[in-house]
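Biologist: Could you take a close look at one part of this model with me? I have the sequence and the structure open, and I would like a connected tour.

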Amino acid sequence: MNSVQGLLAASVISIQNSSFIYPACQNCFSRLILDSRRFNCLKCGCTGEAKDASYRYRLSLKIADTNDLFDITVFGSCLDPFFGVTAENLQRYIQDFNQLSGETNTESSARALVQAVETCFVGKRFIFGV
């Protein structure tokens, strides 16, 4: 599943999701179910304390080459250089910012992050391994 079948040079047309980080199972990378104290992976059954959950990038894009439009999703640490930090650290920065600013409505910080991601990706050309 991780092997690259080919390369595709394409431009990013739009960002398809507004949440770029998700709590991920350390065993199977599936999305974790979090409550205030615990996490649970529905796929492999892994459990633990919510504070120990790890996070991973998931960026869904609409891209275009010279002939076609594609919907793709880019996962994991290959996005670290674009965000400048790991998903784990970005999640921590967002939580710390919301706590320090007394932000009760996290929608404004999420909106700012979406705008930053759009500025960095939309209209730019990348080579994607597919």
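In which strand does S54 lie?

Modeller: Happy to help, and please keep in mind that this is a predicted model. S54 belongs to strand β6, which covers residues 54–64. Its relative accessible area is 16%; because buried means under 20%, S54 counts as buried. If you set aside the neighbours within four places in sequence, S54 is in contact with Y22, P23, A24, Q26 and E88.

Now let us turn to an open sheet of three strands, ordered β3-β4-β5 with antiparallel pairing. β3 (33–34) and β5 (47–49) are at its edges with a single partner strand each, so one side of each has no neighbour in the sheet. β5 pairs with strand β4 (residues 38–40) in the antiparallel sense, over three bridges. If you would like a spot to click on, F39 has G48 in β5 as its bridge partner. As general background, the strands of a sheet pair through backbone hydrogen bonds, either parallel or antiparallel.

Another antiparallel pairing joins strand β1 (residues 7–15) to β8, over five bridges. Here S11 is found opposite R125 of β8. Have a look at the side chains of β8 too, since they alternate along residues 125–129. F126 and F128 point to one face and are buried, whereas R125, I127 and G129 point to the other face and are not buried. R125, then, is the residue opposite S11, and R125 points to the face of β8 away from F126 and F128.

Methods:
Residues are numbered from 1 along each chain as its sequence is written. This is a predicted model: local features need pLDDT of at least 70, side-chain atom pairs count only at pLDDT 80 or more; totals for chains, interfaces and linings use all residues. Side-chain values use heavy atoms; hydrogens and water are left out. Buried means under 20% relative accessible area, exposed over 50%, partly exposed in between (1.4 Å probe, protein chains only). Helices (H or I, at least four residues) and strands (E, at least two) are DSSP runs, numbered from the N terminus. Two strands pair if DSSP finds at least two bridges between them. Contact means heavy atoms within 4.5 Å.
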